[in-house]
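Visitor: Please take one part of this model and go through it closely, then set it against the rest of the chain. I would like each term explained where it first comes up.

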Amino acid sequence: NIYVMEPTKIYKTDPNGNPLPGFPIIASSGETFLGIESLGNKLVLGGTFTSVKGQARKNLAVINEDGSIGSFSTTSATGSGSFGVKTDGTIILNQSTYAKAFAPEGTPGPTPALGTVRCIFVDKQCRTIIAGDGALTAYGISRPSIIRLNCDLTVDDTFQCEFTYTGGIDAIAVYPDGRMLIGGNRNIKGIGASSSRLVRINSNGQVDGSFVPQLANEDIVSLAINGDKILVCTKTYLRQLDNSGAMDNSFGQKSSIGWAATFTHVKTYSGKIYLSGWFTSVSNKVSPGIVRLNSDGSIDNSFASGLPVDESGVEGFTFQSDGKIIVGGPFGGNVQADLVRLRSNGGVDGGFGKNNYSGAGHKGIYALDVDSQDRIYIGGDFHDLNQSGISRFARLSKNGVLDENYTPYLPFGYSSFIS
């Protein structure tokens, strides 16, 4: 089943989007819902409220499977939509300047972190990850940026985060062995290392001191691991680093002659590199919205995007199992072409379904993915798709035919979109 949250309502639907009994849950006048997390067949709800369905609940509540209100109750929670939920029902709530644990019945528990808390997450091993804006204090011990707790909420000393950051993290790439590349739009400060907008950490949270990226202070929007190399995509450049962080000066592409001329994503597939964004050409190769590179960074001249030349911006793309490319975005004024499929040479696949994504306030497709059956899921700012009443989120067949039996109930206002 699917839960959908608005600021004042919680909806529950079956997998085909049909509303289920007991819902929606409606907030009282002047009160707001801010976040939801699953707890088995139940739902944990956070926000700024004093009651839910007529029962006194202060800012945290548990909703049973049938929509009734669970027994969890506390008077100690301040309003927040950021929290983690353990499988035993313990809730770790972001209280802005600290994190607070609440037992399954609502009794306040320990305060495992002090500092400016940004987000809280519980992983599949019952460990709680708390991320902060700068240093956090865990049970009296200062730690940089991220704390990991064991299942009993004691500090996991095997995880020693060794970096702090002062801005947004916009890109993460994960190695098969658990190491991570983290990039963003502000400097990330590694302990004993100089500041950079890109850092690599080991699976235990420690900064990899052998990785010293040779990058200018450019905002990083996307990262990809390319064998033993690293692709770093900024808004205007694609660069490649070796495993130590040294710049591959023979590699690199800059957007040119494009509308706004910015890159959005970099991905690798079958030994090739795909780069998307708002551009008409890259290195004098006309290929609107998406271009393919060889592994050495040179332009693959066997690929030329068939998207419209005028103001074509690719906001997202993915690959079907046969290597064909599904691309989404606002493609000029052609409202029927905001989702297209490209063949292996970049040409538009005429056999792919053409749907009408127009409507009041239409702006484009911003997110997409495919499942194991190559069915396509799209999200964005589109309305009344093919006059079906389906808006903002939809499922299509592998060949682009709208699945009108998949009707998720997303009653957002026209100012909302999914990305």
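Guide: What follows starts with the cysteines, and then moves on to the sheets, two loop positions and the chain as a whole.

This is a predicted model, in which local features need pLDDT of at least 70 and side-chain atom pairs count only at pLDDT 80 or more, while totals for chains, interfaces and linings use all residues. Residues are numbered from 1 along each chain as its sequence is written, and side-chain values use heavy atoms, with hydrogens and water left out.

A disulfide is counted here where two cysteine sulfur atoms lie within 2.5 Å, and by this rule the count comes to one. In general terms, such a link is a covalent bond between the sulfur atoms of two cysteines. The partners are Cys-126 and Cys-151, with their sulfur atoms 2.1 Å apart. Since the torsion about the S-S bond of Cys-126 and Cys-151 is about 60°, the disulfide is right-handed. The pair links distant parts of the chain, 25 residues apart: Cys-126 is in the loop between β13 (117-122) and β14 (128-138), and Cys-151 is in the loop between β15 (141-149) and β16 (163-165). Strands, like helices, are DSSP runs numbered from the N terminus (strands are E runs of at least two residues, helices H or I runs of at least four).

The two partners fall into separate accessibility classes, where buried means under 20% relative accessible area, exposed over 50%, and partly exposed in between, with a 1.4 Å probe and protein chains only. Cys-126 counts as buried at 13%, whereas Cys-151 is partly exposed at 39%. Two further cysteines can be placed on the same scale: Cys-119 is partly exposed, with 40% relative accessibility, and Cys-233 is buried, with 0%.

Turning to the sheets, two strands pair if DSSP finds at least two bridges between them. One open sheet of three strands runs in the order β32-β33-β34, with antiparallel pairing. β32 (364-370) and β34 (393-396) stand at its edges with a single partner strand each, so one side of each is left without a neighbour in the sheet. Neighbouring strands of this sheet are turned by 25° against each other on average, direction ignored; axes are lines fitted to C-alpha atoms, for helices over the stretch in contact, and angles run from 0 to 180 degrees between N-to-C directions. β32 and β33 (residues 376-381) pair in the antiparallel sense over six bridges, and Val-370 has Ile-376 of β33 as its bridge partner.

Both of these residues also meet Gln-320, which lies in the loop between β29 (316-319) and β30 (325-328). Leaving aside neighbours within four places in sequence, Gln-320 is in contact (heavy atoms within 4.5 Å) with Tyr-269, Ile-326, Arg-341, Val-370, Asp-374, Ile-376 and Lys-398. Gln-320 is buried, at 2% relative accessible area.

A second open sheet of three strands has the order β4-β5-β8 and antiparallel pairing. Its edge strands are β4 (32-39) and β8, each pairing on one side only. β5 (residues 42-48) and β8 pair in the antiparallel sense over four bridges, with Ala-61 in β8 as the bridge partner of Leu-45. Gly-70 is placed in the loop between β8 (60-63) and β9 (83-85), and counts as buried at 6% relative accessibility. Not counting residues up to four places away in sequence, Gly-70 touches Arg-57, Val-62 and Asn-64.

In a regular strand, the side chains alternate between the two faces of the sheet. In strand β28 (residues 290-293) both faces are covered: Ile-290 and Arg-292 on one side, and Val-291 and Leu-293 on the other, are all buried. β28 pairs with β25 (residues 272-278) in the antiparallel sense over four bridges, and Val-291 is the bridge partner of Leu-275.

For the chain as a whole, the secondary structure comes to zero helices and 34 strands, and buried residues make up 50% of the 419 residues. Of the contacts with a separation of 6 or more, 38% are between residues 24 or more positions apart. The chain exposes about 18000 Å², of which carbon and sulfur atoms supply 49%; these areas come from the Shrake-Rupley method with a 1.4 Å probe, and for residues only the protein chains shown count as cover.
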